[in-house]
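Student: Please take a close look at the salt bridges in this model, one pair at a time. Then place them against the rest of the fold.

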Amino acid sequence: MARTCVFYVRPSIRPPLTSPADRLAFFRLLRAVNMQCFDALLKLPSPQFKLIMDSIVWGIKHTMRDIADIGLRCVPVLLLELDRCPHS
């Protein structure tokens, strides 16, 4: 069964994710998109794709352990998916 993922990445999220629960939910969403809809990520314009990558890096550096773990878990999936993509 093929999956189709459609989403829109805003350049900034307002209001900011000040609640720890909101931040955790955002990074869980980011991980799910990274794992399930990577092809859709690759179709994003460069600025939005960079925003996703910057978010993963920011997550790795986060002081909340749950968020840092999610960010770290995104990296191997990201690298494997990038490796399997046709190089053009």
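**Salt bridges and their surroundings**

Tutor: Asp54 and Lys50 are joined through their side chains by a salt bridge, with 2.7 Å from N to O. The model is a predicted one, and every distance and area here is computed from it. Both partners of this pair belong to helix H3, where they sit four residues apart, about one turn of the helix. Asp54 has a relative accessibility of 37%, so it counts as partly exposed. Lys50, at 49%, also counts as partly exposed, because that class ends at 50% and exposed begins above it.

The search of the whole structure gives three salt bridges. Another of them brings together the side chains of Glu81 and Arg84, at 2.6 Å from N to O. These two residues are three places apart in helix H4, which means a separation of about one helical turn. Their accessibilities fall in separate classes: Glu81 is at 16% and therefore counts as buried, while Arg84 is at 52% and is exposed. The cut-offs behind those labels are under 20% for buried and over 50% for exposed.

Arg84 also meets Asp39 in a salt bridge, here with 3.5 Å between N and O. This pair links distant parts of the chain, since Asp39 is in helix H2 and Arg84 is in helix H4, 45 residues apart. Asp39 is partly exposed, with 44% relative accessible area. Which residues end up in one network through shared salt-bridge partners? They are Asp39, Glu81 and Arg84. Arg84 is the residue that appears in both pairs, with Glu81 and with Asp39.

Now the fold around these pairs. The protein chain has four helices and zero strands, in the order α-α-α-α from the N terminus. Of its 88 residues, 30% count as buried. Contacts between residues at least 6 apart in sequence are joined by residues at least 24 apart in 69% of cases.

The helices that carry the salt bridges also feed the nonpolar core. The largest nonpolar core has 18 residues, and Leu41, Ile52, Met53 and Ile56 have the most contacts inside it. Helix H1 (20-36), helix H2 (38-42), helix H3 (46-60) and helix H4 (65-84) each give two or more residues to this core. Leaving out residues up to four places away in sequence, Ile56 touches Leu30, Gly71, Cys74 and Val75.

Cys74 has a polar partner as well. Its backbone oxygen lies 3.0 Å from a polar atom of the Asn34 side chain. Asn34 belongs to helix H1 and, at 1% relative accessibility, counts as buried. Apart from neighbours within four places in sequence, Asn34 is in contact with Leu41, Cys74, Val77 and Leu78. Leu41 is also among the core residues with the most contacts.

The outside of the chain is not purely polar either. The chain exposes about 6400 Å², and carbon and sulfur atoms supply 60% of that. Leu42, Leu79 and Leu82 make up a nonpolar surface patch with about 250 Å² of accessible area together. Leu79 is in helix H4, as are Glu81 and Arg84. With a relative accessibility of 53%, Leu79 counts as exposed, because the cut-off for that class is over 50%.

Technical notes: Residues numbered from 1 in each chain as written. Predicted model: local features only at pLDDT ≥ 70, side-chain atom pairs only at ≥ 80, totals over all residues. Heavy atoms only, no water. Core = buried A, V, L, I, M, F, W, Y, C linked by side-chain atoms within 4.5 Å. Buried < 20%, exposed > 50% of the residue type's maximum accessible area, 1.4 Å probe, protein only. Contact = heavy atoms within 4.5 Å. Patch = residues over 30% accessible without salt bridge, like charges linked within 9 Å, V, L, I, M, F, W, Y side chains within 5 Å. Areas by Shrake-Rupley, 256 points an atom, 1.4 Å probe, with all protein chains shown as cover. Salt bridge = Lys/Arg side-chain N within 4 Å of Asp/Glu carboxyl O. Polar contact = N/O pair within 3.5 Å; in protein donor to acceptor, adjacent residues only side chain to side chain.
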